[in-house]
Each structure stands twice: as C-alpha cells, then as structure tokens.
Amino acid sequence: MKTSEEIRARRKNRAGADFSAPASTIPPVDGGIEHPYNTNIFSLLEMTEDPSHHLPEGYFFMRCEVPYSEPAIKRVYTFFDLQNLYLSVKAAWSMKYPNFDPIALSECVTSKFKDWALTGIRLYTGVHTAEKNLFWHNFWNRKLTFHKNADRRVDVFTTPLHYNNGVPSEKGVDVRIALDLVRAARLNRCDVVVLFSRDTDFAEAAKEIRAIAYEKQRWIKIASVMPDHPALKRGIDGTDWIRLSKSEYEGCIDSNDYR
C-alpha cells in the first residue's frame with residue numbers, strides 16, 4: 001500500500017504540476033481572505049491510504065495567480081437587520097427607540113470610501129401585529145413606508161412577529177437577509193455588501209459570498225457596521241468591520257418621529 005508521499009510523487013510526475021502548493025497560493029477574495037472551500041488536494045488524498053481512491057487520469061489542479069479585477073467604482077448594497085441594529089445602538093449609546101434614518105446611515109458609511117456608490121438599500125424587520133401591540137405596529141409601518149417612498153433604492157421586507165407565552169420573536173428575518181445577500185452577489189448586482197448587524201450567524205453568508213467571488217473570479221467585498229464602543233468588541237467574522245462613531249450616528253438620526 002502506497003504512502004501519501006509516494007502518491008504525491010506519482011501525481012506530480014504524471015501531471016508535471018506541483019500539487020503540494022499550499023492553499024494560500026489561491027488568490028484571496030479581498031486582500032487576504034482565502035477561498036473558504038479551498039483545500040490542498042493532497043489533504044483529500046491522504047484521508048485514505050487506498051491509492052484506488054485517487055482522482056481520474058488527467059485531472060489536476062494548477063496554481064492560480066490571476067488577480068481579480070477591482071472595479072474603479074464599486075456598487076454598494078446596504079442590508080439592515082433593523083432590530084439588531086437598534087439593540088446595538090441601545091447598548092452602546094442608550095438610544096430609547098429606533099431613531100436612526102437608514103438612508104442617511106447608508107450614505108454616511110458609503111461616503112467614507114471615495115470609490116463607493118450607493119445603489120441599493122434593503123430594510124428587514126419583524127413587526128408586531130396590531131392586535132398584540134398597536135403602538136409598535138404603527139411605528140414600524142409608518143417608518144418603513146416613509147423610507148420606501150423617500151428613496152427609490154429602498155426595498156422593505158417585513159414579517160409578523162411570533163409570540164411564545166407572550167414574548168415576541170422574529171422568525172425568518174435572518175434567513176431572508178442571508179438569502180438576499182447571497183443573491184445580490186451571485187447576480188452581480190453589487191460589488192460591496194454592507195450589513196448593518198452584529199449577528200454572528202451571518203458569518204456563514206459571508207463565507208458563501210467569498211465562495212461566489214472565487215467561483216465567478218469577481219472582486220467582492222462584504223463589510224459589517226457596528227457602533228464604535230468599547231463594550232462592542234467584535235463585528236461579524238469574515239467581514240470588514242466598519243465602526244460607526246456616536247457623532248456619525250447622531251448625524252443620521254431621523255428627523256421624523258413615528259411614535
């Protein structure tokens with residue numbers, strides 16, 4: 001039975017290519033993040049000592065050194081997990097209710113980068129039913145309707161909150177955001193995805209977007225926005241963290257009060 005070293009040598013001699021190239025030789029998606037599914041091919045072969053499990057004849061991998069073409073002007077989509085954002089600014093700066101303007105926040109973050117152009121704004125939240133909580137039902141419907149009508153780039157997704165022993169919870173919002181994140185990248189609708197959330201579950205969506213960038217050989221960046229506060233130490237893994245100062249936030253407070 002051949003050892004993994006013998007299999008390695010046999011493969012190298014047959015194809016004339018060095019399969020021992022480390023995963024880091026695969027071009028990163030955005031200045032340092034490797035393709036999330038890239039695995040050195042011999043780590044797969046070494047899972048078994050049976051040489052009959054090798055790849056078919058003529059099937060080999062080559063090193064890929066082709067850089068992704070970075071767009072001169074980058075189309076930006078922002079995605080708002082509205083409830084998560086509110087909980088973050090409440091924890092950081094004791095905001096009493098969701099007083100932010102998502103359009104202004106999108107423009108604030110986009111303006112930090114001279115080659116970013118805001119092209120889409122997506123708003124997501126669960127909403128109380130009128131029977132359960134008329135105040136918040138009316139608040140969110142007024143607020144979201146206003147933003148939708150104020151800017152043609154805005155799209156809104158809402159779903160009724162679910163109640164367990166009277167305690168409300170969102171169902172399906174995170175899944176909808178993740179699906180829309182991936183769809184926007186896959187359909188080449190944007191070059192930069194900016195997520196206003198600190199929900200760590202979105203790390204898997206970030207991984208999938210990096211996989212799409214690798215497969216499509218496209219430059220794609222994914223970032224997450226978080227309040228700049230010592231108590232909030234981490235953003236979403238696999239994303240660029242953009243910290244929002246209190247003064248920047250206060251400059252994006254909604255001039256309307258929907259309460």
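1. Let me start with strand 7, where the side chains split into two sets: Lys221, Ala223, Val225 and Pro227 point one way, while Ile222, Ser224 and Met226 point the other way. Both sets are buried. That fits the usual pattern, since side chains in a regular strand alternate between the two faces of the sheet. Keep in mind while reading that this is a predicted model.

2. Counted over its whole length, residues 221-227, strand 7 is mostly covered, with seven of its seven residues buried. Note that Lys221 and Ser224 are among the buried ones, so a look at both side chains on screen would be a fair place to begin.

3. Now for the neighbours. On one pairing, strand 6 (residues 192-196) runs parallel to strand 7, and five bridges join them. Phe196 is the residue to look for here, as it stands opposite Val225 of strand 7. To get from strand 6 to strand 7 the chain passes through helix 7 (residues 203-216), and the resulting β-α-β crossover is right-handed.

4. Strand 7 also pairs with strand 8 (residues 240-244), again parallel and again through five bridges. In this pairing Pro227 sits opposite Leu244 of strand 8.

5. Next, the second largest pocket, which holds about 260 Å³ of space. It has 14 lining residues, and those closest to its centre are Gln83, His128, Trp140, Leu161 and Pro168. Which elements give two or more residues to this lining? They are helix 3 (82-93), strand 2 (116-127), helix 5 (134-150) and strand 5 (167-169). Helix 3 supplies the largest share, namely three residues.

6. As for the character of that lining, eight residues are nonpolar, four are polar and two are charged.

7. Last, the cysteines. How many disulfides does the structure hold? The count is zero. Cys108 is in none, and the nearest cysteine sulfur, belonging to Cys252, lies 4.3 Å away. Because a disulfide here needs the two sulfur atoms within 2.5 Å, the Cys108 and Cys252 sulfurs at 4.3 Å do not qualify.

8. Are Cys108 and Cys190 buried or exposed? Cys108 has a relative accessible area of 15%, and Cys190 has one of 0%. The cut-off for buried is under 20%, so Cys108 counts as buried, and so does Cys190.

Key
Residues are numbered from 1 along each chain as its sequence is written. This is a predicted model: local features need pLDDT of at least 70, side-chain atom pairs count only at pLDDT 80 or more; totals for chains, interfaces and linings use all residues. Side-chain values use heavy atoms; hydrogens and water are left out. Buried means under 20% relative accessible area, exposed over 50%, partly exposed in between (1.4 Å probe, protein chains only). On a 1 Å grid over the protein atoms alone, a cavity is a set of points where a 1.4 Å probe fits but cannot get out, and a pocket is an open set with protein on both sides within 12 Å along at least five of seven lines; lining residues have an atom within 4 Å of a point. Grid points are joined across faces, edges and corners, and a volume is the space filled by probe spheres set on the points. Helices (H or I, at least four residues) and strands (E, at least two) are DSSP runs, numbered from the N terminus. Ala, Val, Leu, Ile, Met, Phe, Trp, Tyr, Cys and Pro count as nonpolar, Asp, Glu, Lys and Arg as charged, and the others, Gly among them, as polar. Two strands pair if DSSP finds at least two bridges between them. A crossover is right-handed if, with the strands pointing away from the viewer, the path from the first strand over the helix to the second runs clockwise.
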